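Open the model in your viewer and keep the sequence panel beside it. This tour goes stop by stop, with something to select at each one.

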Amino acid sequence: MATAKTPQPVTELPDQYLTPDDIAFKFKVPVETVYQWRKKRTGPPGFRVGKHLRYDPADVQQWQRELRAADLSV
C-alpha cells in the first residue's frame with residue numbers, strides 16, 4: 001500500500017543568488033539585454049526579493065542547457 005509523501009521543506013539553498021549584472025557578465029551581454037530577456041520571457045527565470053531581481057544558479061544552468069539543446073536541433 002502506497003502512502004502519500006509529505007512535502008519536505010527546502011533545506012539547501014544556493015550559496016549566492018545571481019544578480020542581473022552577474023548574468024550579463026556571465027554571457028558577455030549588456031545588462032539591458034538581461035532585462036529585455038526578462039520582459040520578453042526568453043531569458044532565465046528570475047524572481048524578486050523586494051525590489052531586487054535575483055536568479056537561482058541552477059535555473060540559469062538549466063536555461064543554458066535548453067538553449068544549447070535547441071541550437072543543436074536546428
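Partly exposed means a relative accessible area between the buried limit, under 20%, and the exposed limit, over 50%. Select Thr33 to see a case: its relative accessible area is 25%, so Thr33 counts as partly exposed. Thr33 sits in helix α2. Now show Pro20 too. The two residues are 13 apart in sequence, and their C-alpha atoms are 9.5 Å apart. Keep in mind throughout that this is a predicted model.

**The whole chain**

Switch to cartoon and colour by secondary structure. You should find three helices and two strands. Read from the N terminus, the order is α-α-β-β-α. Next, colour by accessibility. Of the 74 residues, 18% count as buried. The exposed surface comes to about 6,300 Å², and carbon and sulfur atoms supply 54% of that area. For contacts between residues at least 6 apart in sequence, 44% join residues at least 24 apart.

**The core**

Which residues make up the largest nonpolar core? Select Leu18, Ile23, Ala24, Val34, Trp37, Leu53, Tyr55, Val60 and Trp63: these nine residues form the core. Four elements each supply at least two of its residues: α1 (20–27), α2 (31–40), β2 (52–55) and α3 (57–72).

Centre on Ile23. Ignore its neighbours within four places in sequence. The remaining contacts are Leu18, Val34, Trp37, Tyr55 and Val60.

**The aromatic cluster**

Stay on Trp37, and add Phe27 and Trp63. Ring pairs link these three residues into a cluster. The count of aromatic pairs in the model is four. Take Phe27 with Trp37 here: the pair is edge-to-face, with 6.2 Å from centre to centre and 80 degrees between the planes. Phe27 belongs to helix α1 and Trp37 to helix α2, 10 residues apart, so the pair links distant parts of the chain.

Move across to Trp63. The ring centres of Trp37 and Trp63 are 5.2 Å apart and the planes are at 50 degrees, so this pair is tilted. Trp37 in helix α2 and Trp63 in helix α3 are 26 residues apart, another link between distant parts of the chain.

Are Phe27 and Trp63 buried or partly exposed? Phe27 is partly exposed, at 22% relative accessible area. Trp63 is buried, at 9%.

**Charges over rings**

Show the lysine side chains beside α1. The charged end of Lys26 sits over the ring of Phe27, 5.7 Å from the ring centre. The charged end of Lys28 sits over the ring of Phe25, 4.6 Å from the ring centre.

Add Gln64, a residue of helix α3. Leaving out residues up to four places away in sequence, Gln64 touches Lys26 and Phe27. Gln64 is partly exposed, with a relative accessible area of 23%. Select Pro44 as well: the C-alpha atoms of Gln64 and Pro44 are 7.9 Å apart, with their positions 20 residues apart along the chain.

**The hairpin**

Hide the helices and show the two strands. Strand β1 (residues 46–49) pairs with β2 in the antiparallel sense, over four bridges. Start at Val49, whose bridge partner in β2 is His52. The two strands form a hairpin with two residues between them. One residue in the turn is Gly50, with a positive phi of about 65 degrees.

Now turn on the side chains of β2. In a regular strand, side chains alternate between the two faces of the sheet. Here Leu53 and Tyr55 point to one face and are buried. His52 and Arg54 point to the other face and are not buried. Leu53 and Tyr55 are both on the core list.

**Two unusual backbones**

Finish with the backbone angles. Most residues other than glycine have a negative phi. Where does Lys28 lie? Lys28 is in the loop between α1 and α2. Its phi is positive, about 55 degrees, although Lys28 is not a glycine. Lys28 is exposed, at 66% relative accessibility.

Last, select Arg41, in the loop between α2 and β1. Arg41 is not a glycine either, yet has a positive phi of about 60 degrees. Arg41 is exposed, with a relative accessible area of 77%.

Definitions and conventions: Residues are numbered from 1 along each chain as its sequence is written. This is a predicted model: local features need pLDDT of at least 70, side-chain atom pairs count only at pLDDT 80 or more; totals for chains, interfaces and linings use all residues. Side-chain values use heavy atoms; hydrogens and water are left out. A nonpolar core is a set of buried Ala, Val, Leu, Ile, Met, Phe, Trp, Tyr and Cys residues joined through side-chain atoms within 4.5 Å. Buried means under 20% relative accessible area, exposed over 50%, partly exposed in between (1.4 Å probe, protein chains only). Contact means heavy atoms within 4.5 Å. Rings of Phe, Tyr and Trp (its six-membered ring) pair if their centres lie within 6.5 Å; planes under 30 degrees apart count as stacked, over 60 as edge-to-face and the rest as tilted. A charge sits over a ring if NZ of Lys or CZ of Arg is within 6 Å of the ring centre and within 35 degrees of the ring normal. Accessible areas come from the Shrake-Rupley method with a 1.4 Å probe; for residues, only the protein chains shown count as cover. Two strands pair if DSSP finds at least two bridges between them.
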